[in-house]
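Here are some friendly notes to read with the model open beside you. Take the points in order, and look up each residue as you go.

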Amino acid sequence: TVLASETRTVVSPGRIELGAGAIETLGTHATRYGDTALVVATEQIFEFHGDAVVRELEAAGVEPVVYTDVRPDPTVENIENAHALYEREGCEMIVTLGGGSSIDTGKGAGILATNEGAIRDFGVDRAGYEGVPNPTPPIIAVNTTAGTGSEATRSVVVSDESTSTKFLIVSANVVPDVAIEDPVLTQSLPKSHTAFTGIDALTHAIEAYVSVKSYSVPDGYAEEAMERIARSLPVAWANGDNLDARADVMVGQLQAGQAFTNASVALVHGLARPLGAQLHIPHGLANGLILPYVVDFSAMAAPEKYAEIARILGVADEHTPTREAADAAADGVLRLCADMDLTGYLDDFGEVPSREDYLAVVDEMTQDAIDSGSPDNNPRKPTRDEIADLYVTIYDDA
Ligand code: NAD
């Protein structure tokens, strides 16, 4: 139900192109915006799909100017360099190729193209929400992960290497004009990133759904996103060539992005950003490790919402009493993660600091998590000590 008292501004990309072959619409969209496009990508993703993007642009008479130095978890320097190239070559639009890292670099370069100041000045801690005065130049986001949903959001996440922190820019003026969601492009995603990015999307949907800022419109996106991700993510993980499963997850992550950008993220993201900034672990992995604990911690504060999550994840049915179902939600998340071998502790995944070195940064990460404001959106508000405890819990099984 949409209630009359729900007066909100709902943001969305101007156009969304869905389905296998959607990449072929790129040229037609680009010609609406000018003759020269800055193409922003990671080196890796450009190797996979750069030819297709260049071909589509050139066939439409649009000259591509290519920037491929984007680092996963893009930096202030990435954005400044992409912007410098945009200006030097007289570009009129930005085409991003890749997942959240490429999209956020493109959004950041776009902010600098139409606004005075350094990128750091637009962070929510300095400029507040809606702190970008002028709209970016047109952005066409060709998405290749499933994913952050950044092609549909008003967020930009930037790594500041000088402080080992990630800062957030939030403004309706950065929402892309066109989102291209071609599941064929996600077939090259390795198993690990299929799981990480898919769990990132599930986290967006769950956090938007339980957020204190939730309301009926993002709730609808979130419910459908959870359904799509729960039924198709393990299928896409097990068989990356299954195009229907890839497409279902891709639409699910888009809806999850639409959900959180119109409600909010909450405690999981508050904890995950400092982890990514300090340890450089993939964003989705950070979310995946934290999510079951936060669901368990929060379920008592919004039992009806968590009961619905448990039902969607298949660990409760309509006969299960609400409180019992809510308590099962964390199991539902764990089972989905286990289906993709994504369980364990931080020290099970790649190179992480020793326990002692990790504990030495917990205090700093806790402060960064609090400063981000995201924990305040959680249905159960954590104390400072509870945040620190969650960081310790996910490190190992000690
Ligand atoms: P990513 O863009 O960092 O890509 C991860 C890796 O996968 C990269 O090495 C990339 O080259 C590779 N890759 C991407 N697509 C591929 C494909 N189809 N085939 C093969 N390799 C591929 O991953 P992501 O998870 O989409 O983005 C993470 C970033 O997005 C983080 O910085 C995170 O903080 C940010 N983020 C932003 C928002 C937002 O709304 N702006 C939301 C959530 C997360």
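1. Let's begin with a term you will need throughout: a residue counts as buried when its relative accessible area is under 20%, as exposed when that value is over 50%, and as partly exposed in between. Cys91 has a relative accessibility of 8%, so it counts as buried. Please keep in mind that this is a predicted model.

2. Now stay with the cysteines for a moment. Cys337 is buried too, because its relative accessible area is 1%. How many disulfides does a search of the whole structure find? The search finds zero. As a reminder, a disulfide is a covalent bond that links the sulfur atoms of two cysteines.

3. Step back and take in the whole protein chain. It contains 14 helices and eight strands. Its radius of gyration is 20 Å, close to the 21 Å expected from the globule rule for 398 residues, so the chain is as compact as a globular protein of that length. Along the principal axes, the C-alpha trace spans about 60 × 45 × 45 Å.

4. Next, consider the inside and the surface. Of the 398 residues, 59% count as buried. The accessible surface of the chain comes to about 15400 Å², and carbon and sulfur atoms account for 47% of that. As for charges, the chain has 25 positive and 62 negative ones, and the mean positions of the two sets are 5 Å apart.

5. How does the chain come together in space? Take the contacts between residues at least 6 apart in sequence: 77% of them join residues at least 24 apart. Leu271 and Ile290 give you a pair to look up: they are 19 residues apart along the chain, and their C-alpha atoms are separated by 7.8 Å. For another pair, try Lys191 and Pro375, which are 184 residues apart in sequence and 30 Å apart in space, C-alpha to C-alpha.

6. Leu271 deserves a longer look. You will find Leu271 in helix α9, residues 267–279. With a relative accessible area of 1%, Leu271 is buried. Setting aside neighbours within four places in sequence, Leu271 is in contact with Ile290, Val294, Ala369, Ile387, Leu390 and Tyr391.

7. Is Gln253 buried or exposed? Gln253 is buried, because its relative accessible area is 0%. This residue lies in helix α8, which covers residues 243–262. Not counting residues up to four places away in sequence, Gln253 touches a list of residues including Asn143, Thr145, Glu151, Glu181, Ala201 and Ile229.

8. Now turn to Lys191, in helix α6 (residues 191–210). Its relative accessible area is 42%, so Lys191 is partly exposed. Which residues does Lys191 touch, not counting those up to four places away in sequence? They are Trp237 and Ala238.

9. Finally, have a look at helix α11, residues 303–312. Its buried residues are Tyr306, Ala307, Ile309, Ala310 and Ile312. These buried residues pack against four helices: α6, α7 (216–238), α10 (283–298) and α12 (322–339). Just after α11 comes Gly314, which takes a positive phi of about 80°.

Terms used. Residues numbered from 1 in each chain as written. Predicted model: local features only at pLDDT ≥ 70, side-chain atom pairs only at ≥ 80, totals over all residues. Heavy atoms only, no water. Helix = DSSP H or I, 4+ residues; strand = E, 2+ residues; numbered from the N terminus. Rg over C-alpha atoms; globule rule 2.2 N^0.38 Å. Buried < 20%, exposed > 50% of the residue type's maximum accessible area, 1.4 Å probe, protein only. Contact = heavy atoms within 4.5 Å. Areas by Shrake-Rupley, 256 points an atom, 1.4 Å probe, with all protein chains shown as cover. Lys, Arg positive; Asp, Glu negative; His and termini not counted. Charge placed at Lys NZ, Arg CZ, Asp CG, Glu CD. Disulfide = S-S within 2.5 Å.
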